[in-house]
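Student: I should like to take a close look at a single part of this protein, followed by one connected account of what surrounds that part.

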Amino acid sequence: VGQPVREFAAAVKSASQARDMQQAVNLKRVALFAEEEAEEIDRQGGRRSTEAPEQEVEADWFARWRTAAQEVSREDMQRLWAKLLAGEVSRPGTYSLHTLDFMSRMSSSDAELLAKLAPFITAGGILQVQEGFFETKGLQFADFLYLEDIGVISGSQAMGTTYTLNP
């Protein structure tokens with residue numbers, strides 16, 4: 001085997017090791033944030049960490065969570081993954097595999113946009129106080145179309161009437 005092939009193999013091995021290390025660091029950070037979240041759940045009257053849950057977190061759920069969480073390097077997104085884990089451990093079955101799939105495709109900007117909209121979400125849809133209200137909150141019509149496109153809301157085409165949050 002020639003020198004270029006050995007150099008290429010060494011570079012591939014080095015890149016693989018760097019990726020594995022980054023994934024381990026990401027997962028450790030998410031786990032630390034999840035511990036904080038679990039403590040917060042306990043403080044708010046959730047299941048005590050000494051109590052056994054009625055059911056266990058499904059192995060497939062945890063495997064899918066881990067695979068996705070290890071790829072997240074931004075702290076804000078790591079905190080979201082930590083909330084998912086803490087919530088699922090506290091009450092197994094709370095978050096579906098569909099939720100994990102959706103979250104794995106969500107970017108930080110998607111999360112920020114959804115956070116802007118969250119205060120106006122009600123059980124019946126999205127509350128708009130008056131025409132032009134959302135613009136004063138930094139939300140444009142294009143934002144609603146985008147959220148509809150990624151499957152978070154529906155009804156944006158009827159802007160000015162009602163919006164429905166997809167379950």
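Student: Is F133 buried or exposed, and what is its relative accessible area?

Tutor: The model is a predicted one. In it, F133 has a relative accessible area of 12%. Because the cut-off for a buried residue is under 20%, F133 counts as buried.

The ring of F133 does not stand alone. Five aromatic pairs are found in a search of the whole structure, and one of them joins F133 to F134. The two rings meet edge-to-face, with 5.4 Å from centre to centre and 65 degrees between the planes. F134 is likewise buried, with a relative accessibility of 0%.

F134 also pairs with F144. This second pair is tilted, with the centres 4.9 Å apart and the planes at 55 degrees. It links distant parts of the chain, as F134 belongs to helix α6 (residues 133-136) and F144 to helix α7 (residues 141-149), 10 residues apart. F144 is buried as well, at a relative accessible area of 1%. Ring pairs bring F120 together with F133, F134 and F144 in a cluster.

Another aromatic residue, F33, has a charged partner: R79 lies over the face of its ring, 3.9 Å from the ring centre.

Buried residues are found in helix α2 too, namely W61, W65, A68 and A69. Viewed down the axis of α2, these residues fall within an arc of 95 degrees, and therefore they line one face of the helix. The general background is that an α-helix has 3.6 residues a turn, so residues three or four places apart point the same way. The face of α2 turned away from the buried side carries A59 and D60, which are exposed. The cover over the buried residues of α2 includes α1, α3 (75-90) and α4 (97-105).

The packing of α1 against α2 can be described further. Helix α1 spans residues 3-43 and helix α2 residues 59-69; they pack at an angle of about 115 degrees, and their axes are 9 Å apart. On the α1 side, N26, L27 and V30 make the contact, and they meet W65, R66 and A69 of α2. By class, the residues of this contact comprise four nonpolar, one polar and one charged. Two of the α2 residues in this contact, W65 and A69, are also among the buried residues of that helix.

Terms used
Residues numbered from 1 in each chain as written. Predicted model: local features only at pLDDT ≥ 70, side-chain atom pairs only at ≥ 80, totals over all residues. Heavy atoms only, no water. Axes fitted to C-alpha atoms, helices over the stretch in contact; angles between N-to-C directions. Helix = DSSP H or I, 4+ residues; strand = E, 2+ residues; numbered from the N terminus. Contact = heavy atoms within 4.5 Å. Nonpolar A, V, L, I, M, F, W, Y, C, P; charged D, E, K, R; others polar. Phe/Tyr/Trp six-rings, centres within 6.5 Å; stacked < 30°, edge-to-face > 60°. Buried < 20%, exposed > 50% of the residue type's maximum accessible area, 1.4 Å probe, protein only. Lys NZ or Arg CZ within 6 Å of the ring centre and 35° of its normal. Arc of directions from axis to C-beta.
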